[in-house]
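Good morning, and thank you for coming. I shall present one structure today and explain each term as it arises.

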Amino acid sequence: MLLNPRPIYTIAKKEFADNARNKWILALVSIFLVLVIAASFMAGGGKLGEMGLTVTTLSSISAMLIPIIAIMLGYATISGEAESGALSVVLASPVRRVEVLLGKYLGLASVICFSVLMGFGTSGIIIAVMTGEAQWGGYLAFMLLSMLLGLLYLSLSICFSSVLKRRVTSLAAGVVIFFWGMIIGMIVIGLYMATGGSLNEFIMGDTSSIPEWVWFEMFLSPQDGSSAAAMLAFGETEFMGYDLDLPPWLNLGTLVLVQLLWTIVPLTLAFIWFQKRDV
Amino acid sequence: MGQGICVGEHDMQESNVVIETRDLTKRFKDVLAVDALNMKVRKGEIYGFLGPNGAGKSTTIKMIIGLLRPTAGQAFINGSPVSDGRVELRKDIGFLPERISFYDNLTPVQTLNFFCELRRADQSIVPSLLKEVGLDDVAHRKVGTFSKGMTQLLGVAQAMIGKPSIYILDEPTGGLDARWVKVVRDKIRALNEQGATIIFSSHILSEVQMLCHRVAIIDKGRLVAEDTIENISSHLNIRPRLWMHIPGLNDKAPLWLNEIEGVEAVAVKGDTMTVTCDGAVRLAVMTTIREKGLKIQDFRTVEPSLEEAFVKLLSVEEGS
């Protein structure tokens, strides 16, 4: 059961070109570029700030924006095409379903990666040239983490797109998945408060008394996990000016590992469900 | 299959069968869409797949092409069972789905180029394919702006990529205006003359009668009949009829006609008379009428139509 790379390439190329024609890519590159420069101005207090601070400022916004983009690209790729009928002709061709799904994933993933690379890359160079100091290691890690976050949400959106029947229901699922990453933090804080914790620890910067399970939220919310990983990649362990006292199991390695799991598990499920799907 | 009729199965040579279904069954939750369907399509024929809307035609076709998984039973292409892993089976099939749609952002040329690549066919045939279905003057317009009929025609062009030897067309003339219906029907005939086997579904009886060598009639997911139109008609005792225009008849059916041997039924309406009888007694019928002093102003024979067979078969089904 070897995969044939040709149809995978054909479908990936079509997905990429389709989105390029849609002006998606141009829009994304511009958004990323403007976002980084704006964040850098904020971090530098009116002039371009250094990269570490820029990323800290930026990461929470990009951790929101990138999932939206990935969900928009992926939510209808199976369900929408199955509903319209476009998928029938593709699946009636001499290609396997695994190849179709893989081609779609790679094509859409390259839209995300290309946009991040161009948008963040260009703005990174601008900042480095203007400020004369570059933390390329951290910045590169930030770009990779942003791409990983994009791939993660693309996996999630393709996963529910391959199991849901209709375009609208998968759009609804996309909204739920998006807000999951934002709400889980509030739920965990709520649980922490309910079990006798108080926000003082966060405000006073005395994080050592926070129970370890609260930090587990970083694994449950891909968005928070990605932001945290970006900060750790720059060696930033400060939060609002206070040093964070993180449990030993929460580090860049474990965060990336969990992000990878969030990517691989839904994608595997997508393959299984798509294989069984009635089109 | 119950009391369905399958006449002429004895002369079926296995090597000639290109598409076959064995007890093919599909259940959607509580609806049994296709019920243990057995059919065989022979090489080189135009096979009509006929049934009312919702009879299970599209479901069967989708199982043959591998878009739907059968609940039970199996479909075979050239003797091999259909499964997702056996992509090479589909290489030889041109498929036109019932509700066809393409990518809105692509032009017809880009669309066909994409499918040529997927089917590993040469892209140089694209302009000629577009010309054949009359889309050459909109070759660079986006498919998203196309009417339903134009998309359908692009679907026909798409099915012809790689010159497959089997065509599976689900309602190929649905949504087309009269001019293009003819183009598509002529195309079906031409492809068949070049040696291709064609299966197409339709709920338009005259179309099936016009084009098909053999038909399968399906209702409520079950095969009601599979044979040539002539055999189905003769099996159901649908005979050719003699239609005559006799001035002065005035709704009165002459009783003496029934006395002629071979006459089954006589129906009179106004000045026209329809006699159902064996072909051999037609002349006797007409001679008798003239001998009785009536004047036949016009006459013709009415061949058994699929419509009659269809209505009769379905009413038999309802009754059982």
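In what order do the six strands of the open sheet in chain B stand? The order is β6-β7-β8-β3-β9-β10, and the pairing is mixed. Strands here are DSSP runs (E, at least two residues), helices are DSSP runs (H or I, at least four), and both are numbered from the N terminus. Two strands pair if DSSP finds at least two bridges between them.

Before going further, I should say that this is a predicted model, in which local features need pLDDT of at least 70 and side-chain atom pairs count only at pLDDT 80 or more, while totals for chains, interfaces and linings use all residues. Residues are numbered from 1 along each chain as its sequence is written, and chains are lettered from A and ligands numbered from 1 in the order in which they are written.

Let us return to the sheet. At its edges stand β6 (93-96) and β10 (222-227) of chain B, each with a single partner strand, so one side of each has no neighbour in the sheet. From one strand to the next, the twist averages 15 degrees. Angles run from 0 to 180 degrees between N-to-C directions, and axes are lines fitted to C-alpha atoms, for helices over the stretch in contact.

Consider now strand β7 of chain B. β6(B) pairs with β7(B) in the parallel sense over four bridges, and B:G94 has B:Y167 as its bridge partner. On β8(B), which also runs parallel to β7(B), five bridges make the join; there B:I199 stands opposite B:I168.

Are the residues of β7(B) buried or exposed? Five of the five are buried, so the strand is largely enclosed by the rest of the structure. A residue is buried if 20 or more other C-beta atoms lie within 10 Å of its own, exposed if 12 or fewer, and partly exposed in between, with C-beta atoms placed from the backbone. B:I166, B:I168 and B:D170 point one way from β7(B), while B:Y167 and B:L169 point the other way.

Two helices lie across parts of this sheet. Helix α5 (residues 148-159) of chain B crosses β6 and β7 at about 170 degrees to β6(B). Helix α6 (residues 178-193) of chain B lies across β3, β7 and β8, at about 155 degrees to β8(B).

B:I168 appears again in the largest nonpolar core, which has 149 residues; B:I168 is among those with the most contacts inside it, as are A:I112 and A:L154. Such a core is a set of buried Ala, Val, Leu, Ile, Met, Phe, Trp, Tyr and Cys residues joined through C-beta atoms within 7 Å. Helix α7 (residues 136-163) of chain A gives the most to this core, with 14 residues. In soluble globular proteins, nonpolar side chains tend to be buried together.

Next, the two chains. Their contact takes 24 residues from chain B and 24 residues from chain A, where two residues are in contact if their C-beta atoms, placed from the backbone, lie within 7 Å. On the side of chain B that touches chain A, α3(B) gives the most, with four residues.

Finally, chain B has a second sheet, open and antiparallel, with four strands in the order β12-β13-β11-β14. Its edge strands are β12 (263-269) and β14 (298-302). Strand β11(B) pairs with β14(B) over five bridges, and B:W243 has B:R300 as its bridge partner. Helix α9 (residues 282-291) of chain B lies across the four strands β11, β12, β13 and β14 of chain B.
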